Amino acid sequence: VFSEGDVKREDVFVTSKLWNIFHRGEDVEAACDKTLNDLQLKYLDLYLIHWPVALQPGDNLFPMDKDGKFLMDSKTPPFSETWAAMEKLVESGKCKNIGLSNFNVEQIEEVLLSAKIKPGCLQVESHPHLPNLELLKLCKEHGISFCFIQSSRKPWLRIPKTGTKRSASRGSCAEDR
């Protein structure tokens, strides 16, 4: 798309997420490089740690045991290790901004203890039935954008008069709220 000249790269904000099997510091850059290669981009505008859960590294994105339970990383790295590797992506120019997704207050505070670059945003589910006000307060206190997402599989997203569902995934940032 960009090579055709109709759309300029700098006019598009591209976000991607670090998956759970890549939380070890030595795996973060390679995971980002694969994303950049797959998307045919030189940089990401925002790269998020998708979940605060490290799964067993390997080729399987959803490693499970014979009973269907997720296999956790036996050497789960501290958030500081993963975050330091994310900061290197900013320093190298591969990412303009880095952030978190699905982290709670305690986990964010742990990241902030060692962060040289604070998270640019926190992306979490938030809506009238799950407002996440404590997370919003923490984000305001630390200058972190609070970006909320919601799932269309929730019954409260049905429009009352028609019963029509809204789009599959809607989100917004509540920086000034």
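This is a short walk through one protein model, from its overall layout down to single residues.

Good morning. First, a caution: the model is predicted. Every value I quote is computed from it.

Let's start with the layout. The protein has four helices and six strands. Along the sequence, the pattern reads β-α-β-α-β-α-β-α-β-β. The protein has 177 residues, and 39% of them count as buried. The accessible surface is about 10,900 Å². Carbon and sulfur atoms hold 52% of that surface.

How far along the sequence do contacts reach? Take contacts between residues at least 6 apart in sequence. Of these, 60% join residues at least 24 apart.

Now the strands. Begin with β1, residues 15–18, and β2, residues 46–49. β1 and β2 pair in the parallel sense, over four bridges. Helix α1, residues 25–39, belongs with them: β1, α1 and β2 make a right-handed β-α-β unit.

Next comes β3, residues 98–101. It pairs with β2, again in the parallel sense, over three bridges. One of the partnerships here is Leu48 with Gly99 in β3. Helix α2, residues 79–92, joins β2 and β3 in a right-handed β-α-β unit.

Then β4. Two bridges join β3 to β4, and these strands run parallel. Ser101 stands opposite Gln123 in β4. β3, α3 and β4 make a right-handed β-α-β unit. β4 is mostly covered, with four of its five residues buried.

Let's look closer at β2. In a regular strand, side chains alternate between the two faces of the sheet. In β2, Leu46 and Leu48 point one way. Tyr47 and Ile49 point the other way. Are these four buried or exposed? All are buried.

One neighbour of β2 deserves a stop: Ser16, in strand β1. Ser16 stands opposite Tyr47 in β2. Its relative accessible area is 16%, under the 20% cut-off, so Ser16 counts as buried. What does Ser16 touch, leaving out residues up to four places away in sequence? The list is Thr35, Leu44, Leu46, Tyr47 and Leu48.

On to the core. In soluble globular proteins, nonpolar side chains tend to be buried together. Here the largest nonpolar core has 32 residues. Which members touch the most others? They are Tyr47, Met86, Ile108 and Leu122. Several elements give two or more residues to this core, among them α1, β2, α3 (105–114), β4 (121–125) and β5 (145–151). The largest share, five residues, comes from α2.

Take Ile108 as an example. Set aside its neighbours within four places in sequence. Ile108 is then in contact with Leu100, Phe103, Leu122, Leu135, Leu138 and Ile144.

Back to α2, the top contributor to the core. Does its length fit? At 1.5 Å a residue, its 14 residues should span 20 Å. The end C-alpha atoms are 20 Å apart, which agrees.

Which residues of α2 are buried? Phe79, Thr82, Trp83, Ala85, Met86, Glu87 and Leu89 are. An α-helix has 3.6 residues a turn, so residues three or four places apart point the same way. The buried residues of α2 pack against β1, α1, β2, β3 and α3. Just after the helix, Gly93 takes a positive phi of about 90°.

That brings us to the loops. Gln40 is in the loop between α1 and β2. It has a positive phi of about 55°, although it is not a glycine. Gln40 counts as exposed, because its relative accessibility of 70% is over the 50% cut-off.

Asn132 lies in the loop between β4 and α4. It too is not a glycine, and its phi is positive, about 55°. Asn132 is partly exposed, with a relative accessible area of 22%.

Last, Asp59, in the loop between β2 and α2. Asp59 is exposed, at 83% relative accessible area. Asp59 and Ile21 are 38 residues apart in sequence. In space, C-alpha to C-alpha, they are 8.6 Å apart.

To recap: β2 pairs with β1 over four bridges and with β3 over three. Helix α2 gives the largest share of the largest nonpolar core. Thank you.

Terms used
Residues are numbered from 1 along each chain as its sequence is written. This is a predicted model: local features need pLDDT of at least 70, side-chain atom pairs count only at pLDDT 80 or more; totals for chains, interfaces and linings use all residues. Side-chain values use heavy atoms; hydrogens and water are left out. Buried means under 20% relative accessible area, exposed over 50%, partly exposed in between (1.4 Å probe, protein chains only). Two strands pair if DSSP finds at least two bridges between them. A crossover is right-handed if, with the strands pointing away from the viewer, the path from the first strand over the helix to the second runs clockwise. A nonpolar core is a set of buried Ala, Val, Leu, Ile, Met, Phe, Trp, Tyr and Cys residues joined through side-chain atoms within 4.5 Å. Contact means heavy atoms within 4.5 Å. The expected span of a helix is 1.5 Å times one less than its number of residues. Accessible areas come from the Shrake-Rupley method with a 1.4 Å probe; for residues, only the protein chains shown count as cover.
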